[in-house]
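Trainee: Could you take me through one part of this structure up close? I'd like to look at the place where the ligand sits, and then at whatever else is worth a glance.

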Amino acid sequence: MSSYRNTLDFLLHDWLHAETLTQRQRYAEHSRETFDAVLDTCERIAREKYAPFNRLIDTDEPRTVTEPDGSLRVVLPQATHEAHRAYAESGMLSAAQDHDIGGMQLPYLVEAAANSFFGMASISMGSGLLTVGNANLLMVHGTEKQKQVFALKEFSGQWSGTMCLSEPQAGSSLSDIATKAIPDGADFAQDPLGPRYRLRGNKMWISAGEHELTENIVHLVLAKIPGPDGKPVPGVKGISLFIVPKKLVNAEGELTGERNDVALAGLNHKCGWRGTTNTLLNFGEGKFPVGQAGGYDGNGAGAVGYLVGQAGEGLRCMFHMMNEARIGIGMAATMLGMAGYHAALDYAKNRPQGRPITGAGKDASQPQIRIIEHADVKRMLLAQKSYCEGSLALLLYCARLVDEQRTGTPEAADEARLLLEVLTPIAKSWPSEWCLEANSLAIQVHGGYGYTRDFPVEQYWRDQRLNMIHEGTHGVQALDLLGRKVRMEGGRGLSLLAARMNATIERAIQQPELAEHANALAQALQQVGAATKAAWATENPTEALANAVPYLQAFGHVVLAWMWLDLACRVLPDDTTAAAITPERRAGVLHATRYFFHYELTKIKPWLQVVAARDLTCATMPEAAF
Ligand SMILES: Cc1cc2nc3c(=O)[nH]c(=O)nc-3n(C[C@H](O)[C@H](O)[C@H](O)COP(=O)(O)OP(=O)(O)OC[C@H]3O[C@@H](n4cnc5c(N)ncnc54)[C@H](O)[C@@H]3O)c2cc1C
């Protein structure tokens, strides 16, 4: 069994006690054995169908060929088709769904853990994150017909899904989207698939927006329905959500043979994550008119779309998908970091270079030592371990909260919801920043070789670099945390989080080995609380939010310190239930905890200082002075 699997098992079973979920009615048919079987299957598929092709999909980027009708067809390596097929056949796309629609009713915790293998093996070959998120959204906000026709075909892997939010001129600021939707004919409201509209506009950066991995693609598109004056309603209130299938379907979900007016304008050629197509899609420009008449120009121009939920509620519905996607991105970042860490560890154990420095200097007649024996290389490995395994703990903790939200008592579910509100920006952003640093350190451990394509670590870094950008940039996540999440519901989310941290601190303080860390975490928590208050002391958002990113960094470091302290409590020898924990696991956790408290948590002071002082150095820099 791989050492990563051992780590995962430790977190899932020894720390989070995944098996206790089987006491919940929804998961009652599961057991440790069924959980292990899912993990074994995913580990095997990732090893056989994903990992061997990770370099191939990087060098053999998606390309297009022009078809006789003028459309662009995307060509992907055969390996991607086979990986997609194997993943769909494993049943993982519908793992969390009810038995009666073919699902496994698997806890989200186990689903997330199982999917982690694919992130480590080949992040951009894709394991259906967008498809599952798209279908899950429809299960919550779609009509029965929309669920039946679209979501179920996505869960089976027959069709796939996208999320189409961004436009060339509107990325972070979605209220400025320009894609328009107009009612399609007098009977538009009577369509069995939902109120039918025609959409026109350009969507930029759409992942998996065009390919032939599946028979059809279900685009979920944000667009604005014009108000009574014929103009788009300004702001997010004007945004609605539509299902726009690539190929048109009838009310039974069968393909009609007609394609929709959605055209691939081109592929984006990316720094990394090249196994997934990234597209500019033109909706409704009339390249593929639908029907003989109607649409925007009377000749069928306009992509046919079906309204999901209520008009004007599009962004609220989309948030359902975005929150899941954000946890998914955090996991992707974590596993890219983990892949680099394991590669660096392996290299460091085998590369002879240099000799120990002793009091008498270096003895050149002695054989060289392996680089893992140098303190500085150990520092780089320990940093990677503390970032990546700490992130994994956080992501699994969040996944466990999702299960609590779904199956806990009303009180516990509500607490989990609020904790997730506060933790989601951290779960997305902290791994994106610090596992990128881990990937950089993995290159450093390899020396010059790490900078070449003969080793995998440069690709991990390039793949990783995306994660601070998509699904809400780092800056946007920071604004969400300090501007909204820590203040919502009178700051109750922050109080709940502090209570959980304090419970860990109380346990840790009983252990002589951990008391110093427990005190450090208590102090750090108090500093975060004080900085939050100071930032908002003048109730002026410009001042409060000027240093939102340093706040996010400090907050994230405190959360990760908490994770490590909690793990450390779990491995201590006098914890009699921890018999299954090996001495190596214990030493690894205790050292990583010590590293995190001594080398990382100490960084938060300057970050919080500028937050608390409402320092406007950056905000007031005159543009002309740059
Ligand atoms: C590979 C890839 C895949 C993607 N996949 C999808 C997808 O499937 N679907 C989809 O809809 N989108 C997708 N995106 C788009 C992605 O979500 C956007 O790139 C992202 O939201 C940022 O938008 P932008 O690129 O327009 O940058 P901008 O919004 O122009 O941001 C540029 C910079 O300005 C900062 N900034 C912007 N506004 C503010 C503000 N108010 N305060 C402080 N700082 C600010 C940002 O933090 C950033 O640093 C993808 C992007 C990439 C690169």
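Mentor: Let's start at the ligand and then move on to the cores and two odd backbone angles. Keep in mind that this is a predicted model.

The ligand has 17 residues around it, and the closest ones are M163, S166, S172, W205 and T473. Sort that shell by class and you get eight nonpolar, seven polar and two charged residues. Where do they come from? Strands β3 (159–164) and β5 (196–207) each put in at least two residues, and β5 gives the largest share, three residues.

Now zoom in on the polar atoms. One of the closest residues, M163, has a polar backbone atom 2.8 Å from a nitrogen atom of the ligand. W205, also on the list of closest residues, does much the same thing: a polar backbone atom of W205 is 2.8 Å from a ligand nitrogen. At L165 the ligand partner is an oxygen atom, sitting 2.9 Å from a polar backbone atom. As for how covered the ligand is, taken alone it exposes 970 Å², and the protein buries 62% of that.

Next, the packing. The largest nonpolar core has 141 residues, and Y387, F555 and V559 are the ones touching the most other members. Helix α16 (residues 548–571) is the top contributor to this core, with 17 residues. If you click on Y387, leave out anything up to four places away in sequence and look at what it touches: among them are W430, W434, C435, A438, L441, Y595 and F596. The contacts of Y387 also include E437, E600 and K603. There is a second, separate core too, made of 31 residues, with V218, Y306, V308 and L315 included.

Last, two backbone angles to check. Q105 has a phi near 50 degrees, a positive value in a residue that isn't glycine. You'll find Q105 in the loop between α4 (78–89) and α5 (108–122). Its relative accessible area is 12%, so Q105 counts as buried, the cut-off being under 20%. E489 is the other one: not a glycine either, yet its phi is positive at about 50 degrees. This time the residue belongs to a helix, α13 (residues 488–509). E489 has a relative accessibility of 40%, so it counts as partly exposed.

Terms used:
Residues numbered from 1 in each chain as written. Predicted model: local features only at pLDDT ≥ 70, side-chain atom pairs only at ≥ 80, totals over all residues. Heavy atoms only, no water. Helix = DSSP H or I, 4+ residues; strand = E, 2+ residues; numbered from the N terminus. Buried < 20%, exposed > 50% of the residue type's maximum accessible area, 1.4 Å probe, protein only. Near = heavy atom within 4 Å. Polar contact = N/O pair within 3.5 Å; in protein donor to acceptor, adjacent residues only side chain to side chain. Areas by Shrake-Rupley, 256 points an atom, 1.4 Å probe, with all protein chains shown as cover. Nonpolar A, V, L, I, M, F, W, Y, C, P; charged D, E, K, R; others polar. Core = buried A, V, L, I, M, F, W, Y, C linked by side-chain atoms within 4.5 Å. Contact = heavy atoms within 4.5 Å.
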